[in-house]
Structures are given as C-alpha cells and as structure tokens.
Amino acid sequence: MRILLSLFSILFLANCTFAQTSRYDDVLWRDFNAGFVVDIFQDCPTFEFKTIDGEELDTDIFSGQVLILQFVASWCPYSEDQMKSINDIASKWTNKVNVLSVSEDDEKGQAVFLDQISKTGFPFYFTIDNNERIFKLFAQSHSTLPRVIIVNRGGKIIGLFDEHTRRTKRIMKRIVRKAVWG
C-alpha cells in the first residue's frame, strides 16, 4: 500500500509540475504541424492588396498597430463564426487593432463571400485572393481554412492558428490584449 501511495504521489506531483510548465504562453501561440510557412517572431511578410471597394493598399498601413490577418472562404463552415469572434476581440481596441480578412474563394464563391460580409457590417478590410498569392506567403498551398495570423505593433508574427475553437478564441484574445498593452 505504501508503494502504491508513493507511486501515486510521485505521478501526481509530476503531473502538476508538467501541467504548470506546459500551459500555453499568453504572449505567443503556434499550432504545430499546421502547414504554416512562417513562424513566431518572424517579420510579417508585406504585400499589396485590393479591397473589395477597389482601394489598392499595402500592409504598411497597419504599421504600429496590431493586425489580425484572417484567411477565410465562403464554403468553410467555420469562417463566418470566426469572423464574429475576431470582431468581438478587435472591437475592444478599435484604434489599436486592424483586421484584414482574405477570401480564398474562387470566382464562383466570391459572390457568396461578398453577400456574407455585406450582412455582417464588420469594420474589417476585406480582399479576395483567388489565386492564393497572399495565402502562400503564410501557409502551404491548399492548407486548411480558416487561418489566423496575429502580428504585433512591431510587425512580428505572434500568433498562428489553423482552427477555430473556444480555446483558440481565448488564446487569440489574450495575445491581442498583450500586444495592445504590452
């Protein structure tokens, strides 16, 4: 019985110690094996894009602010829900956080995407990337959607996500809060 109790105590303490050291860091997050071609602390690739309103911009307009870069598609069942979550996060810091939502829809899906976002009223920048030009700067071609990249005010990538769950929403919120205030 002593041996069993001792073994249980050792396993319990080891589990508690591991649990404390294996918690995610609230400053950075990387979902491993997710098909990203960029990594944490890397400078965010810069690129030009055309908004759905026809305005031609580049990512330099986000300099000095936190950027949430989201890759979506109209056919992806999680994209719209993730947009709502990102809007909830970004709306807390409207002057410090920008969102660029990049549609990976083909020509057929673009109309559906435009219809979806017209109903949301989200204050995001929206662009269409049907040839994956922007997407390939961040992930392997044909990787899963939705994807989110969080970039701090200094232009460094501090979060990479390839799924949308309650857990990732909490982590995104912490990372953005830390990037805004940290």
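**Notes on a strand, a helix and some rings**

1. A good place to start is a facing pair: Ile-68 stands opposite Ile-150 in S7. Please keep in mind as you look that this is a predicted model. Ile-68 belongs to the neighbourhood of strand S4, which covers residues 66-72 and pairs with S7 in the antiparallel sense over 5 bridges.

2. Strand S7 also pairs with S8, the strand of residues 157-161; 4 bridges join the two, and they run antiparallel. To find this pairing on screen, look for Ile-149, whose bridge partner in S8 is Leu-160. S7 and S8 form a hairpin, with 5 residues between the strands. In the turn sits Gly-155, which has a positive phi of about 85°.

3. How many of the residues of S7 are buried? The strand runs through residues 147-151, and 5 of its 5 residues are buried. Both of its faces are covered: Arg-147, Ile-149 and Val-151 lie on one side, with Val-148 and Ile-150 on the other. Arg-147 has a further contact to look at, since it lies over the face of Phe-36, at 4.6 Å from the ring centre.

4. Next, helix H4. Its 16 residues, 166-181, should span 22 Å at 1.5 Å a residue, and the end C-alpha atoms are 23 Å apart, so the two values agree. The buried residues of H4 are Thr-168, Ile-171, Met-172, Ile-175, Val-176, Ala-179 and Val-180. Seen down the helix axis, the buried residues fall within an arc of 165°, and therefore line one face of H4.

5. The other side of H4 has exposed residues, Arg-166 and Trp-181. Trp-181 is worth a second look: Lys-96 lies over the face of its ring, at 5.2 Å from the ring centre.

6. The structure holds 9 aromatic pairs. One of them joins Phe-124 and Phe-126 in a tilted arrangement, 5.7 Å centre to centre with 35° between the planes. Are these two rings' residues buried or exposed? Phe-124 counts as buried because its relative accessibility is 10%, under the 20% cut-off. Phe-126 counts as buried too, at 6%.

7. Ring pairs also build a cluster, linking Phe-47, Phe-49, Phe-62, Phe-71, Tyr-125, Phe-135 and Phe-138.

8. Finally, the cysteines. How many disulfides does the structure hold? The count is 0. Cys-44 counts as buried at 14% relative accessibility, and Cys-76 is buried with a relative accessible area of 6%.

Technical notes. Residues numbered from 1 in each chain as written. Predicted model: local features only at pLDDT ≥ 70, side-chain atom pairs only at ≥ 80, totals over all residues. Heavy atoms only, no water. Buried < 20%, exposed > 50% of the residue type's maximum accessible area, 1.4 Å probe, protein only. Pairing = 2+ DSSP bridges. Expected span 1.5 Å × (residues − 1). Arc of directions from axis to C-beta. Disulfide = S-S within 2.5 Å. Phe/Tyr/Trp six-rings, centres within 6.5 Å; stacked < 30°, edge-to-face > 60°. Lys NZ or Arg CZ within 6 Å of the ring centre and 35° of its normal.
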